[in-house]
Amino acid sequence: SVDVVTLGETMALVAATTTGSFAVGAPARISFGGAETNVAIGLSRLGHSATWIGRLGADPLGHLVKDALRGEGVDVSHVRTDAEVPTGLMLREHRTADRVRVSYYRRGLAGSRLTPDDVDTGLVAAARTLHVSGITPALSESARAAVHTAVDAARAAGVPVSFDFNYRAALWSVTEAGAAFRDLVAAADIVFAGDEEAAMVVPAGSVEEVAKELAALGPAQVVLKRGAAGAYAVVDGESFTEPALAVSLIDPVGAGDAFVAGYLSAMLDGLDPAQRLRRGNVCGAFAVSVAGDWEGLPRRSELATMDATENVAR
Ligand code: ADP
Ligand code: KDG
């Protein structure tokens, strides 16, 4: 059986490597990203088995994503190739030193055509954890149904469900997303959110209040990701807080997914809640200090690097 099964959309990425608007001849880097594959890669690098379910187009970008995931050790045997439409794409401009602008070309494309049929419920039922995010239900009716198929299969089999809000304003409104997230929070065992995201489902308040309100909806573990302030969790009614690591911020995208990978990894290893938060923070610190959505994620042997007091290890 696999440690973690996850599903969602992964897109190719063209990211400018200099600051400013896109212009003819400007240098860029080709990669890919998707919240759930970012988590899967993070888990794989930490030594866990991870399967990603999703659709890619029959095109060079689809091959790029699948080959790279395979190279990272993520199981891609449940990935479907959709010959009708292309793989989705993200463009990322570093508009100014501090402002990143992402444009999505994904509506109606391969990833959004995920259906309940794509979800092997036997695979989900045999997993140690199912991880889903709030991006997938925003993609299409069939993608939303696929998430619920996976969640129902996990619950029926007693497999813990992990849910990360991952609200994307470009895809749907706060009201629409809030209603969908509420159902997923109630169905999940482990919930990850940012402070503002949490307020889409429960009344705004202090970190402690918001986490308690979310926990009251059902999940045994509620984890609030708080950027440079670290993370706060309520686990089985007890609260835990851990500071972020002091690192240089290079690229904030993917920090949340890195955190989720670290937290779930520690949970799978049987570590206690404070240690789960700590590993989440370490992975988040790696992610923000390297350019790319997932490229900076640590291998297990590197987790301790962040504790070093010297900048150069030799
Ligand atoms: P998201 O990407 O979902 O918005 P956050 O910005 O809260 O998530 O970041 C997730 C985690 O990454 C944080 O809880 C923290 O562990 C780490 N992190 C984020 N920003 C920083 C930072 N500036 N310095 C150190 N760690 C950070
Ligand atoms: O969480 C990082 C993701 O935002 C990125 O990799 C792409 O899945 C993505 C999205 O929809 O924004």
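Guide: Welcome! A molecule sits in a pocket if more than half of its atoms lie within 2 Å of the pocket's grid points. Please keep in mind that this model is predicted.

Visitor: Thanks! Where does ligand 2 sit?
Guide: The shell around ligand 2 is made of 13 residues, with Ala35, Tyr104, Arg168, Asp257 and Asp293 the closest. By the rule above, the place where ligand 2 sits is the largest pocket.

Visitor: How many charged residues are in the shell around ligand 2?
Guide: Sorting that shell by class gives 6 nonpolar and 3 polar residues. For ligand 2, the charged residues number 4.

Visitor: How much of the accessible area of ligand 2 does the protein cover?
Guide: Let's begin with the polar contacts. Oxygen atoms of ligand 2 lie 3.0 Å from a polar side-chain atom of Asn38, 2.8 Å from a side-chain N or O atom of Arg168 and 2.7 Å from a polar side-chain atom of Asp293. On its own, ligand 2 has 320 Å² of accessible area, and the share covered by the protein is 95%.

Visitor: Now for the other ligand: which helices each supply at least two residues of the shell around ligand 1?
Guide: Ligand 1 also sits in the largest pocket, and 14 residues surround it, the closest being Gly227, Gly230, Leu245, Gly256 and Asn281. By class, these shell residues are 7 nonpolar, 5 polar and 2 charged. The helices that each give at least two of them are H9 (255-268) and H10 (273-288).

Visitor: What percentage of the area of ligand 1 does the protein bury?
Guide: Here too, the contacts come before the area. The side chain of Lys225 places a polar atom 3.3 Å from an oxygen of ligand 1, while a polar backbone atom of Gly256 is 2.9 Å from an oxygen of the ligand. For Asn281, a side-chain N or O atom is 2.6 Å from a ligand 1 oxygen. Taken alone, ligand 1 exposes 560 Å², of which the protein buries 78%.

Visitor: Let's look at a single residue: is Phe192 buried or exposed?
Guide: Phe192 belongs to strand E11, which spans residues 190-194. Because its relative accessibility is 0% and the cut-off is under 20%, Phe192 counts as buried.

Visitor: What distance separates the C-alpha atoms of Phe192 and Asp307?
Guide: Along the chain, Phe192 and Asp307 are 115 residues apart. In space, the separation of their C-alpha atoms is 25 Å.

Key
Residues numbered from 1 in each chain as written. Chains lettered and ligands numbered in written order. Predicted model: local features only at pLDDT ≥ 70, side-chain atom pairs only at ≥ 80, totals over all residues. Heavy atoms only, no water. Near = heavy atom within 4 Å. Polar contact = N/O pair within 3.5 Å; in protein donor to acceptor, adjacent residues only side chain to side chain. Areas by Shrake-Rupley, 256 points an atom, 1.4 Å probe, with all protein chains shown as cover. 1 Å grid on protein atoms, 1.4 Å probe; cavity = no way out; pocket = protein on both sides within 12 Å on 5 of 7 lines; lining within 4 Å. Helix = DSSP H or I, 4+ residues; strand = E, 2+ residues; numbered from the N terminus. Nonpolar A, V, L, I, M, F, W, Y, C, P; charged D, E, K, R; others polar. Buried < 20%, exposed > 50% of the residue type's maximum accessible area, 1.4 Å probe, protein only.
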